[in-house]
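Please find below my notes on the model you sent round, set out as numbered points. They are meant to be read with the structure open alongside.

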Amino acid sequence: MTNRLRFTDSHCHLDFDALSHELPSLLEQCQQAHIHKIVIPSIGPRNWHKALTLAQKHSSKQLTLHPCLGIHPWFLNDLTADSLDNLAHLIKLNRNEIAAIGEAGIDRVIDNEQQNLAQQIEIFDFQLALAKAYSLPIIVHHRRSHQDIVAMLRQKQLTNGGIIHAFSGSYQQACQYIDLGFKLGIGGTITYPRAEKTLKAIKRVPLTSLVLETDAPAMPLYGFQGQDNSPLQLINVFQALTNIRLESSTEIAHALEENVKSVLPNISF
Ligand SMILES: [Zn+2]
């Protein structure tokens, strides 16, 4: 059924050790599975250069890799006094090469341990400002933080929107992001029967608002808990989505590609 259809993984940490140690053979398998584009979010200073060079080195005609630059809210302890300046500089230099800024965002679950919400807000705001200044999309990480994020997005009024990575939430929350020009990243979450509220939302939102992702090596699919996730699972996420939506598989596959193209215009097709 997936013959002739092509897929984009809009969020995969290919530079993490779990995936990077056998990258050529993994990418070969991705190609055979009709995955033709993979977006590599970065998490902070420690992997900015790795994401950039890995994308350059391992992109081929059949499968292109697209890095992002950003600071993930889990890794703020890595930051030094010049990290924000360095990020701004690297984004300026690579603004035509990167798919997006990210991943960036607010995570209120880690906040319980680290008490760093104010810093998370400051760093996310800085990245939103960069997204606005360079008309780049932004990939947004959220956990129990829809209210914070929606308020900040409304205030910032980005021109290019972005992707709400691993969207989970209600139909109303989904609509708030869609109204702000964002797509919803659909990954392994939809394979879990307990994700009832999210499944209902994904079923109802316009097809034009969805993009596929794996978040590999994180977020294993239902039935694969405890294992490293793989970008090859993208096809299973797609199958799960076709079970939820009413449109035909072909229609869904084409729409997903159009959606990612429109939200990440630096990914040339
Ligand atoms: Zn991620």
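1. Pro 217 sits in the loop between β8 and α10, and in this predicted model the peptide bond that leads into Pro 217 from Ala 216 is cis, with omega near 5°. A second cis peptide bond joins Gly 102 to Glu 103, where omega is about 10°, and Glu 103 belongs to strand β4.

2. Glu 103 leads on to the metal site, since the zinc ion is coordinated by His 11 (NE2), His 13 (NE2), Glu 103 (OE) and Asp 215 (OD), at 2.0 to 2.5 Å. Along the chain these donors follow the spacing H-x1-H-x89-E-x111-D. His 11 lies in the loop between β1 (7–9) and α1 (17–20), while Asp 215 lies in the loop between β8 (210–212) and α10 (234–244), so that this pair ties together parts that are 204 residues apart in sequence. Both His 11 and Asp 215 are buried. As for the geometry, the 4 donor atoms subtend angles of 86 to 176° around the zinc ion, and the arrangement is therefore irregular; water is not among the atoms, so the site may look incomplete.

3. Is strand β3 (residues 64–69) enclosed by the rest of the structure or open to the outside? Because 6 of its 6 residues are buried, β3 is largely enclosed by the rest of the structure. In a regular strand the side chains alternate between the two faces of the sheet. Both faces of β3 are covered, with Thr 64, His 66 and Cys 68 buried on one side and Leu 65, Pro 67 and Leu 69 buried on the other.

4. The pairing of β3 can be followed on to its partner strands. Strand β2 (residues 35–40) runs parallel to β3 and is joined to it by 4 bridges, with Leu 65 of β3 as the bridge partner of Ile 38. Strand β4 (residues 100–107) also runs parallel to β3, through 2 bridges, and here the bridge partner of Leu 69 is Ile 101 of β4.

5. Helix α2 (residues 23–32) has Leu 23, Leu 26, Leu 27 and Cys 30 among its residues, and these are buried. Viewed down the axis of α2, the buried residues fall within an arc of 95°, so they line one face of the helix. That buried set packs against α1, β2, α3 (45–58) and β3, whereas the face turned away from the buried side carries the exposed residues Pro 24 and Gln 32.

6. His 34, in the loop between α2 and β2, deserves a look at its backbone, as its phi is near 70°, a positive value in a residue other than glycine. With a relative accessibility of 27%, His 34 counts as partly exposed. Arg 144, in the loop between β5 (138–143) and α7 (146–156), has a positive phi of about 50° although it is not a glycine, and its relative accessibility of 68% means that Arg 144 counts as exposed.

7. In helix α4 (residues 83–93) the buried residues are Ser 83, Leu 84, Leu 87, Ala 88, Leu 90 and Ile 91. They fall within an arc of 165° when seen down the axis of α4, so they line one face of the helix. Their cover includes α3, β3, β4 and α6 (117–133), while Asp 85 and Leu 93 are exposed on the face turned away from the buried side.

8. Which residues touch the most other members of the largest nonpolar core? Of the 75 residues in this core, they are Leu 14 and Ile 138, and the largest share of the core, 7 residues, comes from α10. Apart from this core lies another, of 11 residues, among them Val 39, Ala 100, Val 263 and Ile 267. Leaving aside neighbours within four places in sequence, the contacts of Ile 138 include Ala 100, Ile 101, Phe 124, Leu 158 and Phe 182.

9. Lys 183 has its place in strand β7 (residues 182–186), and at 15% relative accessibility Lys 183 counts as buried. Beyond the neighbours within four places in sequence, Lys 183 is in contact with residues including Gly 162, Ile 164, Thr 208, Asn 259 and Val 263. The C-alpha atoms of Lys 183 and Thr 198, which are 15 residues apart along the chain, are separated by 14 Å.

Terms used
Residues numbered from 1 in each chain as written. Predicted model: local features only at pLDDT ≥ 70, side-chain atom pairs only at ≥ 80, totals over all residues. Heavy atoms only, no water. Donors = N, O, S within 2.8 Å, 3.2 Å for Na, K, Ca; no water. Tetrahedral: all angles 85-135°; square planar, octahedral: opposite > 155°, others 65-115°. Buried < 20%, exposed > 50% of the residue type's maximum accessible area, 1.4 Å probe, protein only. Pairing = 2+ DSSP bridges. Arc of directions from axis to C-beta. Contact = heavy atoms within 4.5 Å. Core = buried A, V, L, I, M, F, W, Y, C linked by side-chain atoms within 4.5 Å.
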